[in-house]
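Reader: I should like a close look at a single part of this model, followed through in one connected account. Please begin with the terms that the account needs.

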There are 2 protein chains.
Amino acid sequence: MNYLAKVYVTLKPTVNDPQGLTIKGGLLSLGFGSVQEVRAGKYMEIRLNGASLNEAKEQLQAMCHQLLANPVIEDYRFEVEEIRG
Amino acid sequence: MNYLAKVYVTLKPTVNDPQGLTIKGGLLSLGFGSVQEVRAGKYMEIRLNGASLNEAKEQLQAMCHQLLANPVIEDYRFEVEEIRG
């Protein structure tokens, strides 16, 4: 079976986010005065195969923990769906 | 009204993604042989205020086009929801 996973990695709320502050500054200087806060994160789409949806989820959990996110300062979540082909 | 927007920016399918290839290489070398493809993107959470949901969406559309994404090589999409406080 083939699966498509969408992985979202965000900084924990207490961690400083200079990239987000820079984006906010850019938006304000472009005239978007309605912006209150920006938090920057990462997004990844991963195609993988596996015997079952549960196996794919277990694999993704391990990938996030070992490589895709830094569990000390980042949170992660993912969605997995089966795809054809 | 206060709104929370989740913005996803991804490279267009035809654009090379060296960051995604590097992540894929890292996952394979960690033993995740089930990985077929990785595409890397950006994820942002933006808090903003506005008179209505439609106005917030228009603002976000302009932000994405002007700063958050490069429309030549990137696609973007966003979700907006109203929040309290």
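Author: A residue is called buried when its relative accessible area is under 20% and exposed when that area is over 50%, with partly exposed in between. The model discussed here is predicted. The part chosen is helix 1 of chain B, after which the account turns to its surroundings.

With that definition, the outer face of the helix can be described. On the side turned away from its buried residues, helix 1 of chain B carries P18(B), L21(B), T22(B) and S29(B), which are exposed. For L21(B), a member of helix 1 of chain B, the relative accessible area is 58%, so this residue counts as exposed. In sequence L21(B) and A40(B) are 19 residues apart, and in space their C-alpha atoms are 8.7 Å apart.

The opposite class of residues in helix 1 of chain B consists of G20(B), I23(B), G26(B) and L27(B), which are buried. Around the helix axis these residues cover an arc of only 120 degrees, and they therefore lie on the same side of helix 1 of chain B. The general reason for such a pattern is that an α-helix has 3.6 residues a turn, so residues three or four places apart point the same way.

The length of the helix can be checked too. Helix 1 of chain B runs over residues 18-29; its 12 residues should span 16 Å at 1.5 Å a residue, and the distance of 16 Å between its end C-alpha atoms agrees. Just after helix 1 of chain B comes G31(B), with a positive phi of about 100 degrees.

What covers the buried side? The cover over the buried residues of helix 1 of chain B includes strand 2 (35-49) of chain B, and from chain A both strand 2 and helix 2 (53-68). In chain A, the buried residues of helix 1 pack against strand 2 of chain A together with strand 2 and helix 2 (53-68) of chain B.

Helix 1 of chain A may be described in the same terms. Its buried residues are G20(A), I23(A), G26(A) and L27(A). Seen down the helix axis they fall within an arc of 120 degrees, so they line one face of helix 1 of chain A. The face turned away from that buried side carries the exposed residues P18(A), L21(A), T22(A) and S29(A). After helix 1 of chain A follows G31(A), whose phi is positive, near 100 degrees.

The relation between the chains accounts for these parallels. Chain A can be laid on chain B with an RMSD of 0.0 Å by a turn of 180 degrees and a shift of 0.0 Å along the axis, which is the relation of a two-fold axis. The same surface serves both copies, since 100% of the contact residues of chain A recur in chain B. Of the residues of chain A, K42(A) comes closest to the rotation axis, its C-alpha lying at 2.3 Å.

Helix 2 of chain B gives a second case of a one-sided helix. Its buried residues are A56(B), L60(B), M63(B), C64(B) and L68(B). They cover an arc of only 100 degrees around the axis, which puts them on the same side of helix 2 of chain B. N54(B) and E58(B) are exposed on the face turned away from that side. The cover over the buried residues of helix 2 of chain B includes helix 1 and strand 2 of chain A, together with strand 1, strand 2 and strand 3 (74-83) of chain B. As to length, helix 2 of chain B spans only 20 Å between its end C-alpha atoms, where a straight helix of 16 residues would span 22 Å at 1.5 Å a residue.

Aromatic rings also join the two chains. Over all chains there are 5 aromatic pairs. In one of them the ring centres of Y8(A) and Y8(B) are 5.6 Å apart and the planes stand at 65 degrees, so the pair is edge-to-face. Because Y8(A) lies in strand 1 (residues 2-11) of chain A and Y8(B) in strand 1 (residues 2-11) of chain B, the pair joins two chains. Both Y8(A) and Y8(B) are buried. Ring pairs link Y8(A), Y43(A), Y8(B) and Y43(B) into a cluster. Y43(A) is buried, with a relative accessible area of 0%. Over the face of Y8(B) lies R77(B), at 4.2 Å from the ring centre, and R77(A) lies over the face of Y8(A), at 4.2 Å from the ring centre.

Terms used
Residues are numbered from 1 along each chain as its sequence is written. Chains are lettered from A and ligands numbered from 1 in the order in which they are written. This is a predicted model: local features need pLDDT of at least 70, side-chain atom pairs count only at pLDDT 80 or more; totals for chains, interfaces and linings use all residues. Side-chain values use heavy atoms; hydrogens and water are left out. Copies are superposed by least squares on the C-alpha atoms of residues with pLDDT of at least 70 in both. Contact means heavy atoms within 4.5 Å. Rings of Phe, Tyr and Trp (its six-membered ring) pair if their centres lie within 6.5 Å; planes under 30 degrees apart count as stacked, over 60 as edge-to-face and the rest as tilted. Helices (H or I, at least four residues) and strands (E, at least two) are DSSP runs, numbered from the N terminus. Buried means under 20% relative accessible area, exposed over 50%, partly exposed in between (1.4 Å probe, protein chains only). A charge sits over a ring if NZ of Lys or CZ of Arg is within 6 Å of the ring centre and within 35 degrees of the ring normal. The expected span of a helix is 1.5 Å times one less than its number of residues. The arc is that of the directions from the helix axis to the C-beta atoms.
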